[in-house]
Amino acid sequence: MKKAIITLLIIVGICLLVPFLLVKVFLDRIEIPVKEPEPVAVPEPAEVEKVEKVPQKVKCPDCGGEGCIQYTKTENCAMCKGNKLVKSGMKGSNTMYPCPKCGGSGVKKKTAWKTCPKCGGKGYIERFSR
Ligand SMILES: [Zn+2]
Ligand SMILES: [Zn+2]
């Protein structure tokens, strides 16, 4: 009987030891994965032109880079409404005399600015260099 008890103890011991060893070996084998830092994605600039021919901005020759051009606007004279002649202010008089406001030309010239039609107001034009 004594031998049987010892054997039983050994078996129990092995039964306890084997799983312990297995777990230990298992834990040793586990390599904790080291997280490598992910490469930071550099965002590509959206404005990068992928065309070979890049338009060059050239100062608009028409407006000199101003974006607007001066021109002479011709309007009908406000006083004579283009008739060149106005009636005399005297009551009952039908005498016509040259409009004093426009000097008898019937038109009024005035300097005005308008958006440069060549560059569209940008002041520069785009030219493709070769
Ligand atoms: Zn007039
Ligand atoms: Zn222009």
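In the predicted model, K101 has 14 C-beta neighbours inside 10 Å and therefore counts as partly exposed, since that class lies between the limit for exposed residues, 12 or fewer, and the limit for buried ones, 20 or more. K101 is placed in the loop that runs between β4 (96-98) and β5 (107-115). When neighbours within four places in sequence are left aside, the contacts of K101 are with C77, M79 and C80. A further residue of that stretch, A78, is separated from K101 by 23 residues in sequence, while the C-alpha to C-alpha distance is 8.4 Å.

The protein as a whole contains one helix and six strands. The order of these elements from the N terminus is α-β-β-β-β-β-β. Burial is assigned to 6% of the 130 residues. Among contacts with a separation of 6 or more, 65% are made by residues 24 or more positions apart.

Strand pairing was examined for β2 and β5, and for β1 and β6. Strand β2 (68-76) runs antiparallel to β5, and nine bridges join the two. One pair of bridge partners consists of I69 and, in β5, K114. Of the nine residues of β2, zero are buried, so the strand lies largely in the open. Strand β1 (residues 55-59) is likewise antiparallel to its partner β6, to which five bridges connect it. Here P55 has F128 of β6 as its bridge partner. Strand β6 covers residues 124-128, and because the number of buried residues among these five is zero, β6 also lies largely in the open.

Two lysines in the loop between β2 and β3 (85-87) show positive phi values. The first to be described, K81, is located in this loop and has a phi of about 55 degrees, although K81 is not a glycine. K81 has 11 other C-beta atoms within 10 Å and is therefore exposed, as the limit for that class is 12 or fewer. The second, K84, belongs to the loop between β2 and β3 as well. Its phi is near 70 degrees, again a positive value in a residue other than glycine. For K84 the count of C-beta neighbours inside 10 Å is 16, so K84 is classed as partly exposed.

A further lysine, K118, occupies the loop between β5 and β6. With 13 C-beta neighbours inside 10 Å, K118 is partly exposed; the limit for an exposed residue is 12 or fewer. Outside the four places on either side in sequence, K118 is in contact with C60, D62 and I125. Of these, I125 falls within the residue range of β6, 124-128. The pair K118 and P61 is 57 residues apart in sequence, with 8.6 Å between the C-alpha atoms.

Taken together, the lysines described occupy loops: K81 and K84 between β2 and β3, K101 between β4 and β5, and K118 between β5 and β6. K81 is exposed, whereas K84, K101 and K118 are partly exposed.

How values were computed:
Residues are numbered from 1 along each chain as its sequence is written. Chains are lettered from A and ligands numbered from 1 in the order in which they are written. This is a predicted model: local features need pLDDT of at least 70, side-chain atom pairs count only at pLDDT 80 or more; totals for chains, interfaces and linings use all residues. Helices (H or I, at least four residues) and strands (E, at least two) are DSSP runs, numbered from the N terminus. Two residues are in contact if their C-beta atoms, placed from the backbone, lie within 7 Å. Two strands pair if DSSP finds at least two bridges between them.
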